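Work through the exercises below with the sequence and the coordinates at hand. Each task is followed by a worked solution.

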Amino acid sequence: MIDLRSDTVTKPTKAMRQAAFEAKVGDDVYNEDPSILELEELAATMLGKEAAMFVPTGTQGNQIAVLTHCNPGEEIILEADSHIYFYEGATISAFAGVQPRPLAGKRGQLDPHLVEASIREDDIHQPETSLICLENTHNRAGGAVVPLENMKDVYHIAQKNGIPVHLDGARLFNASIASGINVKDFAKYTDTVQFCLSKGLGAPVGSIIAGPQSFIKKARKWRKRLGGGMRQAGMMAAPGIVALKTMVDRLTDDHSNAELLAKGLEEVGGLSIENTVETNIVLVNTEGIGMSADEFLDILKEMDILAVSFGPNTVRFVTHFDVSEDEIRQVLAKLKYRFS
Ligand code: TLP
């Protein structure tokens, strides 16, 4: 199987397995796991934030951010296709008791004027706007890089109104590699950041949430409440250290493989590419071959290729280091033969 469903499917490298095997561990609920402490310090430094915390998943990281920033009955502004709104099972409402205010974006970007106009007035009838969430790269916008200028504009509006900004940076390192902008510079226009170790960076488990020391202190309590206070989890954090130290620059290979895949897919009669491919995600439209996304996925499966549905006629392919350039060429050759 050539598995292009997501960059979450990568298997840990030999160096990561070795690091897990040799990891120094302790009880992280007592803040005594040396590997987790090292990972948290490294991540905070890379992001230019005061403190960081290791969490099991990106979803939990985002939810802890919402729970820590907000109170029940408040409202959060976020992009209508963002992961927090689209893919996290309405947890913001179920757990944090907040109401979403989804705004349609363009290529993952929020319109700063619309954000400003959507901030609630001080009125007894209305919920308070207590958080603005951004996503970079933006998954459903096809791995689009949200420009620094856009983040800066939204952040200034947020600051003017005393509202914190949380960034779902599950693939922030992809944004950084594609744009040449340091993750620290993106993080400057946020109060808190979540990024995933377990996507293109290849670690088996985990995400980081980073922000001010006082925020992380509160967030630790939310992580514990959610059952995310792990014990000798240094075995999971050690591969994350390897990921941050050795797997960032190679994301460029995933991006060039995505470009190769997109160019080749466009040559398959009837398929069209929906997104401008900037990072490691390719969105393919199947209308031209007269098939739904699910029908196309079945054909792919027969050819030992996996991808996922992103809409009635949209299929998402994600490149990552467990699929080589050669395998991408094989995918293209099989499709060209099938649809010629
Ligand atoms: N995204 C997954 C699916 O849930 C769609 C994927 O395969 O892309 N933020 C963003 C932007 C994400 O894309 C994801 C995962 C998460 C958060 C959640 O991370 P995990 O899976 O670690 O909870």
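**Exercise 1. Locate Asp-304 and Asn-31, and state the sign of phi for each.**

Step 1. Asp-304 sits in the loop between α13 and β11; helices (H or I, at least four residues) and strands (E, at least two) are DSSP runs, numbered from the N terminus. The model is a predicted one, in which local features need pLDDT of at least 70, side-chain atom pairs count only at pLDDT 80 or more, and totals for chains, interfaces and linings use all residues. Residues are numbered from 1 along each chain as its sequence is written, and side-chain values use heavy atoms, with hydrogens and water left out.

Step 2. Asp-304 is not a glycine, yet its phi is positive, about 65°. Most residues other than glycine have a negative phi, and most peptide bonds are trans.

Step 3. With a relative accessible area of 38%, Asp-304 is partly exposed (buried means under 20% relative accessible area, exposed over 50%, partly exposed in between, with a 1.4 Å probe and protein chains only).

Step 4. Asn-31, in the loop between α1 (14–22) and α2 (34–47), also is a non-glycine residue with a positive phi of about 65°. Asn-31 is partly exposed, at a relative accessible area of 34%.

**Exercise 2. Which peptide bond is cis, with omega near -5°?**

Step 1. The bond runs from Asn-136 to Thr-137.

Step 2. Thr-137 belongs to the loop between β5 and α7 (148–160).

**Exercise 3. Describe helix α14 and its buried side.**

Step 1. Helix α14 covers residues 325–338, 14 residues in total, and reaches 20 Å from its first C-alpha to its last. This is close to the 20 Å expected at 1.5 Å a residue, where the expected span is 1.5 Å times one less than the number of residues.

Step 2. Ile-328, Val-331, Leu-332 and Leu-335 are the buried residues of α14. They lie on the same side of α14 because they cover an arc of only 95° around the axis, the arc being that of the directions from the helix axis to the C-beta atoms. An α-helix has 3.6 residues a turn, so residues three or four places apart point the same way.

Step 3. The face turned away from the buried side of α14 carries the exposed residues Asp-326 and Tyr-337.

Step 4. The cover over the buried residues of α14 includes β1 (2–3), α12 (251–266), α13 (293–302) and β11 (305–306), with contact meaning heavy atoms within 4.5 Å.

**Exercise 4. What lines the largest cavity, and what lines the second largest cavity?**

Step 1. The structure holds 2 cavities of 30 Å³ or more. On a 1 Å grid over the protein atoms alone, a cavity is a set of points where a 1.4 Å probe fits but cannot get out, and lining residues have an atom within 4 Å of a point. Grid points are joined across faces, edges and corners, and a volume is the space filled by probe spheres set on the points.

Step 2. The largest cavity holds about 40 Å³. Its lining consists of Ala-170, Arg-171, Leu-172, Phe-173, Asn-174, Cys-196, Lys-199, Gly-200, Leu-201 and Leu-251. Helix α8 (residues 172–179) supplies the largest share, 3 residues.

Step 3. The second largest cavity has a volume of about 30 Å³ and is lined by Leu-78, Ser-82, Ile-84, Cys-133, Leu-134, Glu-135 and Asp-168. Strand β5 (residues 129–135) gives the most to this lining, 3 residues.

Conventions: On a 1 Å grid over the protein atoms alone, a cavity is a set of points where a 1.4 Å probe fits but cannot get out, and a pocket is an open set with protein on both sides within 12 Å along at least five of seven lines; lining residues have an atom within 4 Å of a point.
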